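Q: Could you take me on a close look at one part of this structure, a single sheet and what surrounds it? I would enjoy one connected account.

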Amino acid sequence: MSRNKKLAITFSVMGAAVILLLVLAVLPWGKGSVEQVPPEMQSVSVNIKAVGDNLMHSPIFNSCRTDDGFNFDGLYTYISPYIADADIAAINQETIFVDSVSAFSGYPSFGTPSQVGESIVRAGFNLVTHATNHTYDRGYNALMHTIDFWKGYEDITVLGINESEEEQEEVTVWEKDGLKISMLNFTYGLNGYRLPEDKPYLVNIIDRSPENEELLKKAEECGDITVVFLHFGTEYTHTPTQEQKRDIEFLCQNGADVIIGGHPHVIQPVTEHISENGNRAVVFYSLGNFLSNQSGAEKILGGMADVTITKKDGRTYVESYQMHPTVTHVSGGKYTAYMLSDYTDELAVKHSRCSNLTVEKLQTLFDRVKNIEVYN
């Protein structure tokens, strides 16, 4: 064989070997191997479910007394399965916790047994919003007791109340696989109660101040998306007020992407708001009552916000949002909450706080209110 032919064969073999090595280099090794996707190209989603006001009137906590104290687990039995799959399961704890029997009270100045918090945790909620008009009902000691109570639950995120000025200036950021959600909580006021002059940081107030602008700016910088829980509006009114719209405009202009409201004790519409500077936010104006002793179909009907936030290809956005109806059921002196989808006319006819109640009546009311035109 000539030298040239030998070289040709040698180079041919070497070329085949190089090609084989290149092919092997790009093929997955081992059973079940997958191609590695750059972090910025990966898709991650977070689901948030949030219920309305957990309003502990005295008949509710009295109905939950046991031989050795209180147990509130029964209030949440039928809701727990619906929040089990949520990454963030939020509840607005309308009333402040107190540490003594003498301080237990209902309307108008609430003091709630701390065992409510224990049952909230067992039910599966992992985010508690505390900035409401009733946060300072029992003064500084009750507020500090509530803060201390939650220190015993490291896995629970608490918003709206603060132990220090530094804490108020911090932004809570919830993270999953690189998706960062900044979360804030405000109330419109404190029912006329005043915070100590040297402790204005105790409760977050939505006063459209430069300080709140700065906090919202920080939230936008810390996270991919900003969710604000807001206690505001006029009680027993389904249509949002001009004051509410001004608060929404302020929040949206300053970077809020999802706003979940409460306080009116009735549900209000779900909509999208586009601010004057072009920012867009999904707005649940009010989720209404989650649990309360109030009577009438409008006040026993609540809402559960259901929001999915997705980060994909470096962009973060609200993939979907909706509100599901809930019901406070009262019968035989006992209280509990249901999803309306599980509620029946057999239960409705036994409701002791609402006469002539039917599932259809509640569904019709829900459908009418959630679609009220806010901007027309």
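A: Gladly, and let us begin with a residue in a loop. Leu287 has a relative accessible area of 1%, so it counts as buried. This is a predicted model, and in it Leu287 sits in the loop that links β14 (280–284) to β15 (289–291). Leaving aside residues up to four places away in sequence, Leu287 touches a set of residues that includes Ala50, Val51 and Gly52, as well as Ile260, Gly261 and Gly262. Met323 is another of its contacts; the two residues are 36 apart along the chain, and their C-alpha atoms are separated by 8.2 Å.

Ile260 is a good way into the sheet, as it is the bridge partner, in β12, of Phe229. The sheet itself is open and has six strands, in the order β9-β10-β11-β12-β14-β13, with mixed pairing. Its edges are β9 (172–176) and β13 (270–274); each has a single partner strand, so one side of each lacks a neighbour in the sheet. From one strand to the next, the twist averages 25°.

Let us now walk in from the β9 edge. Five bridges hold β9 and β10 together in the antiparallel sense, and Val173 stands opposite Ser182 of β10. These two strands form a hairpin with two residues between them, where Asp177 takes a positive phi near 50°. Next, β10 runs parallel to β11, and seven bridges join them. Within that pairing, Ile181 stands opposite Ile225 in β11. To get from β10 to β11 the chain passes through α7, and this β-α-β crossover is right-handed.

How does β10 sit in the rest of the structure? Eight of its nine residues are buried, so β10 is largely enclosed by what is around it. Moving one strand further, β11 (residues 225–231) and β12 (residues 258–262) are parallel and share five bridges. Helix α7 (residues 210–222) packs on the sheet, where it touches β9, β10 (179–187) and β11, and its direction makes about 160° with that of β10.

For a view outside this sheet, have a look at Gln93, which lies in strand β4 (residues 88–93). Is this residue buried or exposed? Its relative accessibility is 0%, so Gln93 counts as buried. The side chain of Gln93 makes a polar contact of 2.8 Å with that of Asn54. Beyond four places in sequence, Gln93 also touches other residues, among them Met56, Val116, Ile120, Val128 and His130.

Finally, here is the setting for all of this. The chain holds 11 helices and 18 strands, and 51% of its 376 residues count as buried. Among contacts in the chain with a separation of 6 or more, 72% are between residues 24 or more positions apart; the contact of Leu287 with Met323, 36 residues away along the chain, is one you can find in the view. The accessible surface of the chain comes to about 17,900 Å², and carbon and sulfur atoms account for 50% of it.

How values were computed: Residues numbered from 1 in each chain as written. Predicted model: local features only at pLDDT ≥ 70, side-chain atom pairs only at ≥ 80, totals over all residues. Heavy atoms only, no water. Pairing = 2+ DSSP bridges. Helix = DSSP H or I, 4+ residues; strand = E, 2+ residues; numbered from the N terminus. Axes fitted to C-alpha atoms, helices over the stretch in contact; angles between N-to-C directions. Contact = heavy atoms within 4.5 Å. Buried < 20%, exposed > 50% of the residue type's maximum accessible area, 1.4 Å probe, protein only. Polar contact = N/O pair within 3.5 Å; in protein donor to acceptor, adjacent residues only side chain to side chain. Areas by Shrake-Rupley, 256 points an atom, 1.4 Å probe, with all protein chains shown as cover. Right-handed = clockwise from strand over helix to strand, strands pointing away.
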